[in-house]
Every structure is written in structure tokens, then in C-alpha cells.
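Here are my notes on this one, for when you have the model open. They go point by point, so feel free to skip around.

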Amino acid sequence: MKASSRHGRLHPTWLPSWLPTWLTSWLCLALFLLAFLALEPSVTLSSALADDIKLPPPLTDGGPGIFTVLKKRSSAPGGDFSAAEVSLEELSTVLWAASGLNRSQTGWTVPMAEGLEPYVKIYVVGPNGVFLYQWADHSLSEISNKNIKAEISDQAFVRRAWYNLLFISDKEVTTKLEHGKGLADNYIQVLVGAMTQDVYLAAAALNLGARYIHSVKADVIKDALKIGPDDYPVALMMLGK
Ligand SMILES: Cc1cc2nc3c(=O)[nH]c(=O)nc-3n(C[C@H](O)[C@H](O)[C@H](O)COP(=O)(O)O)c2cc1C
């Protein structure tokens, strides 16, 4: 930035010279603050204050094309996850891809048997606690403020991912099935397949690492999340950088 000397002080040449020095200083300070705010790093769960968190809008446009993403899809080796934070914007997009609304209030990114609402819930296990993804208003509800990443799988590397997404059955919803009454468990497994593939694809598009993990500690998770006796964790997805 060019500056000239006026009254013994630096005065930017792009501001009119008739402006008093005190006003010039205030204008510079205001511009500096604006630039600082514009460069502010992405919000993350660890910096969000509220217990329940309204997620920022997911990325629903742009990015690489579906075939480019399919060529990239792979499981990141468990030992490759770094300590780098996943932003709330990135998490928002991955959760939306996994089971967000994509048309009206009854259309989701993944297909649901008999058009029911999602009968698998996604819990986000992060460094600051456990949160339930609420697809209806794209928000997170706090379930616990404990970091349980190290307790939910026999595979120790799971704790390395910034987030672990837990996929938990919701049998209350499957009681609404009319034709597929005896198929609830099959439908739950199919849905987790669709959801986790969407997580893989969204992660590939965002240059995040993801890995499907089937070996989860059901008892620990049921206890920590206080889920009903009929429900169970199906799998988890590691999500990180
Ligand atoms: C049903 C299923 C269960 C899996 N369980 C585990 C697991 O418990 N632990 C693990 O590290 N990876 C697990 N994976 C990831 C696979 O090991 C991985 O997908 C496989 O090595 C192929 O690699 P790719 O996904 O990069 O193609 C599982 C994958 C699937 C589909």
C-alpha cells in the first residue's frame, strides 16, 4: 500500500488528502477488520458455541463431476488420517450427501423403502462430543460432550479421524412399513450401504479421507448414545484429512 507523509504521519495515497488523520486511521482500522473477517477460517464444531448447531448450507453445486469422483473413491488407510480439522462446512456437505433433503420435505439424497423418512440415524462423534444429525432442518443436536472416539471400535486407528459418523438403526420408523414388515433389518442394511457410499463420494469430491468400518463396539455405543433396546449400530465411517 502506497503512503505519503502528512503531519509527520503516514497517510495512504488512495484516501483524499483533505481527510483528517484521525478519520484516516479509523478507516484503515475498519478496512483491516473487514479483511480479517473475510479471511476468517472455516467454522468447526470445536469453535461453535451452541449445544445444538445449525449447519451451514451444504455444497450442492460445482465441484468435480460424478465420474471424476467415482474414479477417486477409495478407503483412506486408517493410519493415514492426520490431526487436521474437518470444517463445519465440509461436515455439512457430507451429512447432506448421506441423508439430507434434496427435494421437498419427503425427498432425500438416498432412497428409502416405501418412501419412509430415514430409518437410520447418523451420529457425529467428534473431539467435542456426540451430535445427532437432524435431516429435517439440517442441524446437529448435542447428545454428549464427551470425546468417545477411542471407545467405539476395536480398531484403534478410528480415533485418528477428526469425525466418526455412526449409523444407527431407527426401528420406530420401520414400524410404519406396510408391505415390507418383516424386512426392516434388510432395509436398514441397504440404507447404510447407500448412505456410506454417498459419504465416500462426497468425501472424494471434497478431498477428505473416508473409511467404512464394520467392527463397532455395540454395547459401548448403545450406552453412550442411550439408544433404544431394539436399535443397534450398523457401522461407522471415519472422516478426516
Ligand atoms: C461391509 C464392509 C465392511 C468393512 N469393514 C471394515 C472394517 O471393519 N475395518 C476396516 O478397516 N475396513 C473395513 N472396510 C473397508 C474395506 O476394507 C475396504 O473397502 C476394502 O479394503 C477395499 O478398499 P477400497 O474401499 O479402497 O476399495 C469394510 C468395507 C465394507 C464394504
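1. How many C-beta neighbours does Val86 have inside 10 Å, and does that make it buried or exposed? Val86 has 22 of them, so it counts as buried; the cut-offs are 20 or more other C-beta atoms within 10 Å for buried, 12 or fewer for exposed, and partly exposed in between, with C-beta atoms placed from the backbone.

2. Some housekeeping before going on. This is a predicted model, where local features need pLDDT of at least 70 and side-chain atom pairs count only at pLDDT 80 or more, while totals for chains, interfaces and linings use all residues. Residues are numbered from 1 along each chain as its sequence is written.

3. Back to Val86, which sits in the loop between helix 2 (66–72) and helix 3. Leaving out residues up to four places away in sequence, Val86 touches Leu91, Trp162, Tyr163, Leu208, Leu239, Gly240 and Lys241; a contact means C-beta atoms, placed from the backbone, within 7 Å. The C-alpha atoms of Val86 and Ala161 are separated by 9.2 Å, although these positions lie 75 residues apart along the chain.

4. For the overall picture, the protein has six helices and eleven strands. These are DSSP runs numbered from the N terminus, helices being H or I of at least four residues and strands E of at least two. Of the 241 residues, 34% count as buried. Among contacts with a separation of 6 or more, 70% come from residues 24 or more positions apart.

5. The sheet is worth tracing by eye. It is open, with seven strands in the order 3-8-7-6-9-11-10 and antiparallel pairing; two strands pair if DSSP finds at least two bridges between them. Strand 3 (53–54) and strand 10 (209–213) are the edges, each with a single partner strand, so one side of each has no neighbour in the sheet. Strand 3 pairs with strand 8 (residues 139–144) over two bridges, in the antiparallel sense, and Ile53 stands opposite Leu140 there.

6. Now look at the other edge. Four of the five residues of strand 10 are buried, so the rest of the structure largely encloses it. Strand 10 pairs with strand 11 over five antiparallel bridges, with Tyr212 opposite Met237 and Ala210 opposite Leu239. In strand 11 (233–240), eight of the eight residues are buried, so it too is largely enclosed. On strand 9, antiparallel to strand 11 over six bridges, Leu165 stands opposite Met237.

7. Two helices pack on this sheet and on each other. Helix 3 touches strands 6, 7, 9 and 11, its direction making about 160° with that of strand 6. Helix 5 lies across strands 6, 9, 10 and 11, running at about 0° to strand 11. The axes of helix 3 (residues 88–99) and helix 5 (residues 184–205) come within 8 Å and cross at roughly 145°; axes are lines fitted to C-alpha atoms, for helices over the stretch in contact, with angles from 0 to 180 degrees between N-to-C directions.

8. Finally, have a look at the ligand. Around it are Ser74, Ser75, Gly78, Gln155, Arg211, Tyr212, Ile213, His214 and Ser215, where near means a C-beta atom, placed from the backbone, within 6 Å.
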